[in-house]
Amino acid sequence: MTDCLLRRLTTWVVCCCLGLLLTANAMAAEPIAADSPTQRLAAAPSAAPRIGVMTMRPGNIFWERFGHDALVVQDPVTGESLNYNFGFFDPTAPDFVSRFARGEMRYQLAVLTTEQDLSVYRAEGRGVQMQWLNLSPERARELDQALRLNAQPQNAFYDYRYFTDNCATRVRDAVDRAFGGALRSQLESRSQGLTYRTEAVRLADDALWMRYLFDLGLGPQADRPMSRWEESFVPGRLATALADLQVDGKPVVAGTQTLLEHQLRPDATDPNFQWLYWLLVGAVVGAMLLWLRRRTPRGFGITATVIWLLFSLFGATLLYLWLFTAHNFAFANRNLWLMNPLALLPMLAWWRRNPRLLQVSSLLVHVILPVVAVFEFWSLLPQRNAHWIALLLPIHVALYLACRPVQWGK
C-alpha cells in the first residue's frame with residue numbers, strides 16, 4: 001500500500017515537472033508584443049540604440065538666437081526615440097531673477113519624445129537637422145545608460161554658464177566621452193580665430209539692443225581666440241565640427257537628415273563695427289553739447305544730465321558684473337573707464353552750481369578715466385572696444401570743455 005502510494009506520488013511529481021518544462025518552452029517560443037517593455041529589456045544586450053545629435057536653428061526670440069541642440073536615443077526595436085534636452089529652466093522659481101542677475105542659473109536635463117520636441121520647432125518655423133553618430137554598439141549602450149542616469153531627478157540639474165557650460169557643451173561633452181575623448185583632442189588644437197565676443201555679437205544679429213549690450217558688457221577675456229572645441233558652445237558650430245571629424249579613420253557622423261526646413265531669417269553674419277562711423281557720431285554729439293552750452297546752459301544741463309545718468313547706470317552695471325557676479329567674461333571690463341558711476345559727481349556739481357567740484361569731477365570723469373581706457377586698449381590683455389572709445393571720447397572732451405568755469409545762465 002505504501003509502495004503504491006509512493007509510486008503514484010512520484011509519478012505525479014514527474015508529470016508536474018514535465019508539464020512545467022513544456023509550458024516554459026511554449027512560453028519562450030511565443031512572440032512578445034512589439035511594445036512590450038520585456039522585449040526592450042531582453043533586446044538591450046543584443047541590439048544597441050541609435051544615437052544622434054539634433055540641432056535646431058536660431059529663432060526670433062532673444063533667448064533663441066544661439067540655436068539649440070539635444071541628444072537623441074532611438075530604440076532599436078520599436079524605432080521610437082527620446083530627446084535628452086539640457087536646455088530647460090524654471091522662470092517661475094522664486095530665486096530665478098536673482099540667480100539670472102548673478103550668473104548662477106540652474107538648468108535641467110529633461111527627456112521628451114522626439115516628436116514632442118520637434119512640434120515646438122515646427123510651430124516656430126525653425127529648421128532642425130539630425131546627425132546620426134557612428135558609434136560602436138558598446139559605446140552607444142554606454143552613452144544611453146549615462147544619459148538615463150543623468151536624467152534621474154537627483155542628477156538632472158546643473159549650474160549653467162553661458163559660454164562654458166550650456167546645453168550645447170553638455171551635448172558636446174557627452175559625445176566626446178562616447179568617442180573616448182577623441183573629439184576634444186582634435187578640436188582643441190584647431191582655431192578659426194573666433195572669439196566669444198564675435199560669436200555673441202554675431203548671433204544677436206538684428207536685435208540691435210542685444211548686440212550692443214553684449215558688446216558693451218563683455219570684458220577682455222571674451223576677446224581671446226577660441227579653439228574649435230570652445231566655439232562649439234554654439235550648437236551650429238558643434239554640428240559643423242562633428243561633420244568634419246573622423247575617429248579611427250571613420251567619420252564621426254554616419255548620416256545627416258533634415259527633419260524640418262528653416263522658415264525664418266538666414267544665418268547671422270559677422271558684425272563689422274567700423275570705428276570711423278562711431279567717431280563721426282561721437283563728434284556730432286560732442287559738437288551739439290558745446291553748441292548748447294553756448295546758446296542755452298539750461299538746455300545743456302538737461303542734455304548733459306541724461307548723458308551723466310546713462311554713464312552712471314551703465315558703469316554701475318559693469319562694476320556689479322565685474323565684482324559681484326559669476327559672469328567671468330565681464331571681468332575687468334575696460335568700458336568701465338568710459339562709463340563710470342562717478343559721472344554722478346559732475347551732474348550734482350552742475351545743478352548745485354559748485355564750480356570747484358565741477359572742475360575736479362569733470363577732470364576725473366571726462367579726461368583721466370577716458371585716457372586710461374585709451375592706454376588699456378594697447379595693454380597686454382587688450383579688449384576690442386576701439387569703437388566705444390571712438391564714440392565716447394569726443395563726448396567726454398566736449399563735456400569737459402563745457403564744464404570749465406564759466407558763468408551759469410538761466
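Where does Q383 lie? The legends below start there, and every view comes from a predicted model.

**View 1. Q383, tucked into a loop between two helices.** Q383 sits in the loop that joins helix 15 to helix 16 (386-402). With a relative accessible area of 1%, Q383 is buried. A polar atom of the Q383 side chain comes to 2.9 Å from the backbone nitrogen of R334. Leaving out residues up to four places away in sequence, Q383 touches R197, L218, G219, P220, D223, A332, N333, R334, N335 and F377. Two of the names in that list, R197 and D223, turn up again in View 3.

**View 2. E376 and R334 in a salt bridge.** Here the closest N and O atoms of E376 and R334 are 3.1 Å apart. E376 belongs to helix 15 (residues 355-377), while R334 is in the loop between helix 13 (297-324) and helix 14 (344-352), so the bridge ties together parts that are 42 residues apart in sequence. How accessible are the two partners? E376 is partly exposed at 23% relative accessibility, whereas R334 is buried at 10%.

**View 3. A network of salt bridges.** R197, D215, D223 and R384 are linked to one another through this network. For the wider picture, the structure holds 19 salt bridges. As a reminder, side chains of opposite charge can pair when their charged atoms come close.

**View 4. A buried salt bridge, R126 with E64.** The closest N and O atoms of R126 and E64 are 3.8 Å apart. This pair links distant parts of the chain, 62 residues apart: R126 comes from the loop between helix 4 (114-124) and strand 5 (128-133), and E64 from the loop between strand 1 (50-56) and strand 2 (68-74). Buried or exposed? Both R126 and E64 are buried.

**View 5. E188 and R184, a partly exposed pair.** The side chains of E188 and R184 meet in a salt bridge, at 2.8 Å from N to O. E188 is partly exposed, with a relative accessible area of 42%, and R184 is partly exposed too, at 39%.

**View 6. Helix 4 and its buried face.** Look for T114, D117, L118 and Y121, which are buried in helix 4. Viewed down the helix axis, the buried residues fall within an arc of 95°, so they line one face of helix 4. What do they pack against? The partners are strand 1, strand 2, strand 3 (81-88), strand 4 (106-113), strand 5 and strand 9 (253-260). After the helix comes G125, with a positive phi near 80°.

**View 7. T55 in strand 1.** T55 has 10% relative accessibility and counts as buried. Setting aside neighbours within four places in sequence, T55 is in contact with H68, D69, G127, V128, Q129, Q131, P235, G236 and A239.

**View 8. A nonpolar patch on the surface.** The patch is formed by I61, F62, W63, W209 and L213, and together they have about 560 Å² of accessible area. One of them, W63, is found in the loop between strand 1 and strand 2. W63 counts as exposed, with 57% relative accessibility. E64 from View 4 comes from the loop between strand 1 and strand 2 as well, but E64 is buried.

Technical notes
Residues are numbered from 1 along each chain as its sequence is written. This is a predicted model: local features need pLDDT of at least 70, side-chain atom pairs count only at pLDDT 80 or more; totals for chains, interfaces and linings use all residues. Side-chain values use heavy atoms; hydrogens and water are left out. A salt bridge is a side-chain nitrogen of Lys or Arg within 4 Å of a carboxyl oxygen of Asp or Glu. Buried means under 20% relative accessible area, exposed over 50%, partly exposed in between (1.4 Å probe, protein chains only). The arc is that of the directions from the helix axis to the C-beta atoms. Contact means heavy atoms within 4.5 Å. A polar contact is a pair of N or O atoms within 3.5 Å; within protein, one must be able to donate a hydrogen and the other to accept it, and residues adjacent in sequence count only if both atoms are side-chain atoms. Patches are made of residues with over 30% relative accessible area and no salt bridge: like charges are joined within 9 Å, nonpolar side chains (Val, Leu, Ile, Met, Phe, Trp, Tyr) within 5 Å. Accessible areas come from the Shrake-Rupley method with a 1.4 Å probe; for residues, only the protein chains shown count as cover.
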